[in-house]
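Let's take a walk through a protein model together, one stop at a time. Keep the picture open beside you and follow along.

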Amino acid sequence: MSADTAAAPLAALAADRVDHRFKGLPPDANGLTVGELAAQRRNLFTDGFTTPVLVLSAERLTHNLELMETYAGRHNLAFAPHGKTSMAPRLFWRQIEHGAWGITLAVPHQVRVAREFGIDRIFLANELVDAAALRWIAAELAADPDFRFVCYVDSVRGVELMDAALRGSARRVDVVVELAAGESARTGVRTETECAAVADAVAATATLRLAGVAGYEGEVPDANPERVHAWLRRLTALAAEFDGAGRFKGLDEIVVSAGGSAWFDAVADVFAEIPELSLPVLKLLRSGAYVSHDDGHYRKLTPFARVPEEGALHPAFRLWSQVVSRPSPEQAFTNAGKRDAAHDLDLPFAQVVRRSGEERPATGIEVSGLSDQHAWLRTTPEADLEVGDWVGMGLSHPCTSFDKWQLIPLVEADGTVVDYIRTFF
């Protein structure tokens with residue numbers, strides 16, 4: 001995969017002008033291009049950035065990219081990280097530069113963003129039955145022989161809708177049958193018998209091609225290692241059954257895909273067990289939250305906690321806000337709230353306090369709630385906190401952190417801002 005086709009749109013990101021659209025950036029940078037501002041290498045704390053401001057650690061981001069590249073290689077997995085986490089084309093390309101096969105996405109708009117920035121291998125981990133979106137995909141496939149696109153299918157009705165929208169297309173659309181993770185899970189075919197019926201429906205069309213099987217183990221009800229491994233073995237057995245029935249004739253490889261951010265160790269275990277099939281198997285892992293990791297949900301769930309010898313991801317996000325009110329010894333308020341911080345899984349975590357250029361642990365400080373534009377802090381007697389202090393917070397759930405910020409400073413450990421990450425939600 002070449003970055004040549006991405007060069008122009010990525011350069012256009014650097015040529016975008018800094019203005020009122022982007023939160024937290026220095027007011028005196030208004031009118032500069034993003035590239036010009038990056039070249040100034042301003043300091044986050046002394047060169048005019050305003051609070052609240054969300055930043056990514058440059059060093060931790062690189063560490064996470066390198067760790068997952070090494071992990072996928074060690075376990076002979078292809079890797080298509082889920083781009084819905086960041087929706088940041090610059091990060092997509094850094095993931096590809098670190099060995100990713102392609103990018104996973106969830107809805108047609110996200111595919112359009114990725115295509116605009118030259119991504120030519122896309123796995124859509126969702127069903128796609130929208131006729132307008134399918135016709136656009138067909139046009140992209142016809143115009144670019146290097147574009148590879150794969151999406152889920154989980155019903156005969158879905159196959160019929162896809163077939164109707166794609167009649168007359170120059171290339172078939174590759175689909176994988178999605179096996180549901182359980183009766184109460186999200187999307188996906190519930191039984192192997194129904195999977196065969198969906199595969200038969202695909203085979204009866206001239207517009208679709210059965211490329212493999214896939215699913216999402218994170219939806220396994222009451223998930224534990226035993227249940228997750230058992231479901232993954234159902235998925236790989238389905239691939240073997242389809243192969244034995246000759247359903248993959250004419251392919252170059254069979255796609256078998258799974259893998260969120262909580263159970264990729266189980267995916268590695270079970271995919272290593274896949275028997276020799278009639279064709280090579282593309283064992284495609286799709287974990288996405290690793291790119292920034294977090295200080296809450298995924299810090300608790302990451303497989304690296306179960307297999308510490310494999311390494312450890314590092315939380316790369318920090319949200320800086322400023323104390324604007326200290327109405328009592330037990331309470332303080334900063335100027336970051338629900339508009340700025342992920343809060344669907346956990347509240348932010350107060351980590352450090354900065355005052356007069358010095359940084360110290362946020363001892364005795366807890367985020368107890370969020371309003372639209374305020375963080376409520378509960379403080380104990382040992383908390384040293386004054387109006388004007390900056391409070392650095394860790395966040396939980398990357399997917400609902402990235403989407404609140406259009407332009408995110410990439411910051412080195414000494415506070416130097418070396419780049420800006422543009423998102424498209």
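Leaving out neighbours within four places in sequence, Glu-140 is in contact with Arg-115 and Phe-147, where contact means heavy atoms within 4.5 Å. You'll find Glu-140 in helix H6, residues 131-143. Helices here are DSSP runs of H or I with at least four residues, strands are E runs of at least two, and both are numbered from the N terminus. For a feel of the distances, jump from Glu-140 to Leu-385: the two are 245 residues apart in sequence and 56 Å apart in space, C-alpha to C-alpha.

A quick word on what you're looking at. This is a predicted model, so local features need pLDDT of at least 70 and side-chain atom pairs count only at pLDDT 80 or more, while totals for chains, interfaces and linings use all residues. Residues are numbered from 1 along each chain as its sequence is written, and side-chain values use heavy atoms, with hydrogens and water left out.

Next stop: strand E17, residues 407-411. Five of its five residues are buried, and buried means under 20% relative accessible area, with exposed being over 50% and partly exposed in between (1.4 Å probe, protein chains only). Look at the strand from either face and you get the same story: Leu-407, Pro-409 and Val-411 are buried on one side, and Ile-408 and Leu-410 are buried on the other.

Which strands pair with E17? One is E1 (residues 53-57), which runs parallel to E17 and shares two bridges with it; two strands pair if DSSP finds at least two bridges between them. In that pairing, Leu-56 sits opposite Leu-410. Another is E18 (residues 417-422), which is antiparallel to E17 and joined to it by five bridges. There, Ile-408 has Ile-421 as its bridge partner. E17 and E18 make a hairpin with five residues between them, and Gly-415 in the turn has a positive phi of about 95 degrees.

Now compare strand E15, residues 375-379. Its covered face holds Ala-375, Leu-377 and Thr-379, whereas Trp-376 and Arg-378 are on the uncovered one. E15 also has partners. Strand E11 (residues 331-334) runs antiparallel to E15 with four bridges, and one of the pairs matches Ala-332 with Leu-377. Strand E14 (residues 365-370) is antiparallel to E15 too, through five bridges, with Gly-369 facing Trp-376 as its bridge partner. Four residues link E14 to E15 in a hairpin.

Let's look for gaps inside. Rolling a probe the size of a water molecule over the atoms shows where empty space is left. How many cavities of 30 Å³ or more does the whole structure have? The search finds three. A cavity, on a 1 Å grid over the protein atoms alone, is a set of points where a 1.4 Å probe fits but cannot get out, and lining residues have an atom within 4 Å of a point. Grid points are joined across faces, edges and corners, and the volume is the space filled by probe spheres set on the points. The largest cavity comes to about 60 Å³. Its lining includes Leu-13, Phe-22, Arg-90, Leu-407 and Tyr-420. Helix H1 (4-15) and E18 each supply at least two of the lining residues.

Some backbone oddities deserve a stop as well. Thr-51 and Pro-52 are joined by a cis peptide bond, with omega about 0 degrees, and Pro-52 lies in the loop between helix H2 (34-39) and E1. Met-87 isn't a glycine, yet it has a positive phi of about 45 degrees. This residue is in the loop between strand E2 (78-79) and helix H4 (89-97), and it counts as buried at 0% relative accessibility. His-293 is another non-glycine with a positive phi, about 55 degrees. You'll spot His-293 in the loop between strand E9 (281-285) and helix H11 (297-301), and it is buried at 3% relative accessibility.

Last, the cysteines. How many disulfides are there in the whole structure? The search finds zero, a disulfide being a pair of cysteine sulfur atoms within 2.5 Å. Why does Cys-151 have no bond to its closest cysteine sulfur? Because that sulfur, in Cys-195, is 15 Å away, too far for a bond. Cys-151 is buried at 0% relative accessibility, and Cys-399 is buried as well, with a relative accessible area of 12%.

Methods
1 Å grid on protein atoms, 1.4 Å probe; cavity = no way out; pocket = protein on both sides within 12 Å on 5 of 7 lines; lining within 4 Å.
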